[in-house]
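Please find below some notes on the model, set out as numbered points. They are meant to be read with the structure open alongside.

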Amino acid sequence: QLQLAPGDALILFTDGVSEAENGEGNELGTETVAAAVKPLHGAHADALAHTVDEIVLAHVGEPDALGDDVTLVVVSRDQ
C-alpha cells in the first residue's frame, strides 16, 4: 500500500524506457530519468509523462529507433 503526499508522484515504466539506446548503443538509464523528473516535484502527471517522453526521444533520436516497447504510467497528487 502506498499513500502519496500532496505534490508526490508515482512514475512506473517498462525497461523500454531505461534501456532505450542511442546511436552509439548507450542506454538511457534510470538515473537519467530520475534526474530529469526530480526538479518537477509537484507537477501534474501529464507534465511528468511529457518530460519522460521527451528525454527518451531525445536520447534515441526518433521513435522508430526504439528497440523495445515503452510503457509509462504516471500518477500524481495535487492536494
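1. T51 is buried, with a relative accessible area of 16%, where buried stands for under 20% relative accessible area, exposed for over 50% and partly exposed for what lies in between, taken with a 1.4 Å probe and protein chains only. The residue sits in helix α3, and, leaving out residues up to four places away in sequence, T51 touches A36, V37 and L40, contact being heavy atoms within 4.5 Å. Helices here are DSSP runs of H or I with at least four residues, strands are runs of E with at least two, and both are numbered from the N terminus.

2. On the source, please keep in mind that this is a predicted model, in which local features need pLDDT of at least 70 and side-chain atom pairs count only at pLDDT 80 or more, while totals for chains, interfaces and linings use all residues. Residues are numbered from 1 along each chain as its sequence is written, and side-chain values use heavy atoms, with hydrogens and water left out.

3. A49 is also placed in helix α3, but this residue is partly exposed, with a relative accessible area of 24%. Apart from residues up to four places away in sequence, A49 touches L72 and V74, and its C-alpha atom is separated by 7.7 Å from that of V73, although the two residues are 24 apart along the chain.

4. The largest nonpolar core has 13 residues, and those with the most contacts inside it include V17, L28, V33 and V52; such a core is a set of buried Ala, Val, Leu, Ile, Met, Phe, Trp, Tyr and Cys residues joined through side-chain atoms within 4.5 Å. The elements that give two or more residues to this core are α2 (30-37) and α3 (45-60), and α3 gives the most, with 6 residues.

5. Within that core, L28 deserves a look: beyond its neighbours within four places in sequence, L28 is in contact with V17, S18, A20, V33, I55, V56 and H59. S18, which belongs to helix α1 (residues 15-18), is buried at a relative accessible area of 12%, and its contacts, with residues up to four places away again left out, are F13, E27, L28, G29 and T30.

6. What lies on the surface is a nonpolar patch formed by L2, L10, L12, V73 and V75, with about 420 Å² of accessible area together. β1 (9-13) and β2 (72-76) are the elements that give two or more residues to the patch, whereas L2 is found in the segment before β1 and is exposed, with a relative accessible area of 60%. Patches are made of residues with over 30% relative accessible area and no salt bridge (a side-chain nitrogen of Lys or Arg within 4 Å of a carboxyl oxygen of Asp or Glu), with nonpolar side chains (Val, Leu, Ile, Met, Phe, Trp, Tyr) joined within 5 Å and like charges within 9 Å; accessible areas come from the Shrake-Rupley method with a 1.4 Å probe, and for residues only the protein chains shown count as cover.
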